[in-house]
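Trainee: Hey, could you walk me through this one? I'd like to hear about the charged pairs.

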Amino acid sequence: MSTSTNSANPDLGSLRIGDGQRKGGKAGKIFGAAAAVIGVLVILAGGVLAFRTQKPVVEVAVAQKAGAGRPALLNASGYVTPRRRATIAAKITGRVTAVNFDEGMHVRQGYVLSTLDDSDVRRALDSARADRDTSHATILDFEVQLKNAEILLRRAQELQAAGVQSQETLDNARTAADSLRAKIALAKQQVLGAESRVREAQQAVDNCVIRAPFEGIVVSKDAQVGEMVSPISAGGGFTRTGIATIVDMNSNEIEVDVNEAYIARVLPDQPVTAVLDAYPDWQIPSRVRTVIPTADRQKATVKVRISFLKLDPRILPDMGIKVTFLGNEPNQKTGAAAPAALVPQDAVRDDGGKKIVFLVKEDRLERRAVTLGGTRGSDAEVFAGVNAGDTVVVKGPANLRDGQAIEIKK
């Protein structure tokens with residue numbers, strides 16, 4: 001009995017938590033919180049360390065040799081433009097029957113580029129020639145009749161002088177001869193009119209042949225066989241207004257816009273150095289041809305045209321180009337030292353009142369103090385601290401430091 005009673009009423013006192021156990025639980029919570037704080041600090045320290053060890057990305061440029069030639073006064077950019085460039089069009093509306101060229105083809109003056117359907121105008125030409133021939137035949141007939149009339153007139157004069165024929169008969173013979181002469185004169189004028197109509201019809205036929213107006217290179221093919229062409233686009237959107245575009249490569253020149261505040265630095269025949277965007281290492285000697293005597297009020301610029309001193313097949317129309325307007329030759333008698341190199345002005349930094357640049361040596365920075373001179377366009381003259389061929393940082397973070405590893409932007 002006693003056994004069954006104890007099993008039915010368990011001892012609840014065994015579930016009581018002692019004081020020692022309560023103290024142990026608080027210590028575990030404190031330890032867990034401390035571990036979490038330490039983990040956060042480790043993560044933050046790792047992030048800061050990773051940020052400090054991250055390589056900054058910079059843009060670099062190579063210091064150029066500073067020649068002892070003419071100083072640069074002004075920089076500008078523009079495009080190569082030909083003075084002789086024409087879109088060839090037909091004088092009449094017609095259907096294209098032949099296209100005898102392709103893009104890039106060299107054509108001489110008078111070359112037949114295309115032909116139009118001339119069936120209608122050739123029929124008009126044949127009709128005009130027939131009218132002309134008819135007038136010629138009429139003249140021949142009148143001339144034969146005139147010969148006979150002149151014979152009759154002489155006979156009438158002789159008979160009238162002998163007194164065997166009346167004056168009326170003589171007058172009729174003379175009138176007949178004069179009438180034939182007048183008809184011959186009229187027929188000759190009709191022949192001249194017919195000749196004019198023949199020339200007009202021939203011109204219409206010639207207008208169906210489109211020729212190159214000058215020697216050049218075909219840069220655009222604007223029509224195909226079967227299409228309608230017209231100088232005034234009479235057929236709407238389905239009618240072409242041009243056949244081809246031809247450029248005289250020997251007339252290529254440079255066109256740039258110069259800010260009107262600096263136009264006083266530009267003079268006719270001034271020497272210029274030009275660099276094509278496609279060939280950045282090729283300096284092309286050029287010369288100012290003319291300054292267009294008008295300004296653009298919206299852009300506040302003046303247009304300047306520059307001629308190449310020597311043309312090259314690599315120079316193509318509409319290529320982007322940068323030019324540098326050069327000044328006078330330096331005075332060699334002064335004995336002034338020439339700068340050691342030219343660097344972009346963006347590469348020069350101010351550090352506590354000193355001018356410095358950062359050189360790149362094996363993907364690490366080297367702080368270098370420099371002695372500067374004047375400016376040449378967008379470049380600065382460096383007399384000491386940098387040599388031609390050194391790689392300098394042009395763009396990068398403001399907190400660059402000596403010896404720092406960097407990554408060069410590609």
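Mentor: Sure, one term to start: buried means under 20% relative accessible area, exposed over 50%, and partly exposed in between (1.4 Å probe, protein chains only). This is a predicted model, where local features need pLDDT of at least 70, side-chain atom pairs count only at pLDDT 80 or more, and totals for chains, interfaces and linings use all residues. Residues are numbered from 1 along each chain as its sequence is written, and side-chain values use heavy atoms, with hydrogens and water left out.

Trainee: Okay, how many salt bridges are there?

Mentor: The count is 24, a salt bridge being a side-chain nitrogen of Lys or Arg within 4 Å of a carboxyl oxygen of Asp or Glu.

Trainee: What does Lys-322 form a salt bridge with?

Mentor: Asp-277, with the closest N and O atoms 3.0 Å apart. Lys-322 is in strand 16 (residues 320–326) and Asp-277 in the loop between strand 13 (271–276) and strand 14 (283–296), so the pair ties together parts 45 residues apart in sequence. Strands here are DSSP runs (E, at least two residues), helices are runs of H or I with at least four, and both are numbered from the N terminus.

Trainee: Is Lys-322 buried or partly exposed?

Mentor: Partly exposed, because its relative accessible area is 48%. Asp-277 is partly exposed too, at 44%.

Trainee: Switching topic, which residues are linked in a network?

Mentor: Salt bridges link Arg-83, Glu-253, Glu-255, Asp-257, Arg-289, Lys-299, Lys-303 and Arg-305.

Trainee: And what about Arg-132?

Mentor: Its side chain meets that of Glu-195 in a salt bridge (3.6 Å, N to O). Arg-132 sits in helix 3 (residues 119–162) and Glu-195 in helix 4 (residues 167–206), 63 residues apart.
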